[in-house]
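I record here what I looked up in this entry, topic by topic. The sequence and the coordinates are shown first.

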Amino acid sequence: MALKVYFDLMSQPSRAVYIFLKMNNIPFVPKTVALRSGEHHTDEFKKINPMSLVLVIDDDGFVLTESVAILKYLALKYNVPDHWYPRSDLQAQARVEEYMNYQHLDTRANGAIVFQQLVIKPRAMRAPVNRAIVDNAKNRLEKVMSHFENYFLKDNKPFLCGADISIADLLGICELMQLYACCEENIYESNPVVKAWVSRVQRRTAPHFEEANKIVNRVRGVYSKQKEAEQNAKL
Ligand SMILES: N[C@@H](CCC(=O)N[C@@H](CS)C(=O)NCC(=O)O)C(=O)O
């Protein structure tokens, strides 16, 4: 039975797994779950994931949530090239684990807060943006960018955990693209080391990166037009 993947490409972990599947030619049945229309709250989806979150995989009846667990499971099951998730070199594997453990409360949490405040809150929830929350998350992201530069990418390391791309890079870049969606890319582009890493990962994952991020580009287009209209209305 085919691997079923329940996802929405507007979700950062969904994009990371999608790019991974495509890069490694792993066949899967795509099952899109539109977060925007609340499909993740339906009884049908809750039967698959009672937590009402994407993404989820169903591998012949083995249901698994959590992007980090999913990426590791797929890397091991499909025996993908070792650089994605090193098996033989324990220290190389630990480096990938290190970033994946780091990212939850740093790259991911703060990038998601900025996106939720600027895009989801005013539009989907019709609530005002809390500038203090945005500024706090942006300050934290500046620290994250400095950790990227001075720790993960130090000594001219091309990728977060070594000489070639790993699942950690996919998780990292997909979180940063949430900032691109809300025109806050300056947070990572102002750091030359991180900016170069972003371009490197984009090139290394082409053309799947662009495909997975089509929706991000669309959201950015709509958001920037709305922002411009709001600014013009204030003049
Ligand atoms: N730790 C989970 C996070 C899953 C998650 O937060 N998914 C979000 C999209 S990125 C979601 O489904 N949100 C729906 C909601 O909060 O209602 C993972 O890495 O897979």
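Is the crossing of helix 4 and helix 5 left-handed or right-handed? I worked from a predicted model, and in it I found that helix 4 and helix 5 cross in the left-handed sense.

**Helix pair**

I looked up the geometry of this pair next. Helix 4 covers residues 90–123, and its axis comes within 9 Å of that of helix 5, with a crossing angle of roughly 145 degrees. I then listed the residues in contact. On the side of helix 4 they are Tyr99, Asp106, Thr107, Asn110, Gly111, Ile113, Val114, Gln117 and Leu118. On the side of helix 5 I noted Ile133, Val134, Ala137, Lys138, Arg140, Leu141, Val144 and Phe152. Sorted by class, this contact comprises 10 nonpolar, 4 polar and 3 charged residues.

**Ligand shell**

I then turned to the surroundings of the ligand. The residues around the ligand are Ser11, Gln12, Pro13, Leu35, His40, Ser52, Leu53, Val54, Leu55, Glu66 and Ser67. By class I recorded 5 nonpolar, 5 polar and 1 charged residue in this shell.

**Cis peptide bonds**

Two residues of the shell, Val54 and Leu55, also appeared in my check of omega: the peptide bond from Val54 to Leu55 is cis, with omega near 10 degrees. I placed Leu55 in the loop that runs between helix 2 (43–48) and strand 3 (56–59).

I noted another cis bond from Ala206 to Pro207, where omega is near 0 degrees. Pro207 belongs to the loop between helix 8 (192–204) and helix 9 (208–212).

**Positive phi**

For reference, I kept in mind that most residues other than glycine have a negative phi, and that most peptide bonds are trans. Against this I entered Asp60, which is not a glycine and has a positive phi of about 55 degrees. I located Asp60 in the loop between strand 3 and strand 4 (62–65). Is Asp60 buried or exposed? I counted Asp60 as exposed because it has 8 C-beta neighbours inside 10 Å, and the limit for exposed is 12 or fewer.

I also entered Asn156, whose phi is positive, near 60 degrees. Asn156 lies in the loop that links helix 5 (131–152) and helix 6 (167–181). I found 7 other C-beta atoms within 10 Å of Asn156, so this residue is exposed.

Conventions: Residues numbered from 1 in each chain as written. Predicted model: local features only at pLDDT ≥ 70, side-chain atom pairs only at ≥ 80, totals over all residues. Near = placed C-beta within 6 Å. Nonpolar A, V, L, I, M, F, W, Y, C, P; charged D, E, K, R; others polar. Helix = DSSP H or I, 4+ residues; strand = E, 2+ residues; numbered from the N terminus. Buried ≥ 20, exposed ≤ 12 C-beta atoms within 10 Å, placed from the backbone. Axes fitted to C-alpha atoms, helices over the stretch in contact; angles between N-to-C directions. Left-handed = near helix turned anticlockwise from the far one by under 90°. Contact = placed C-beta atoms within 7 Å.
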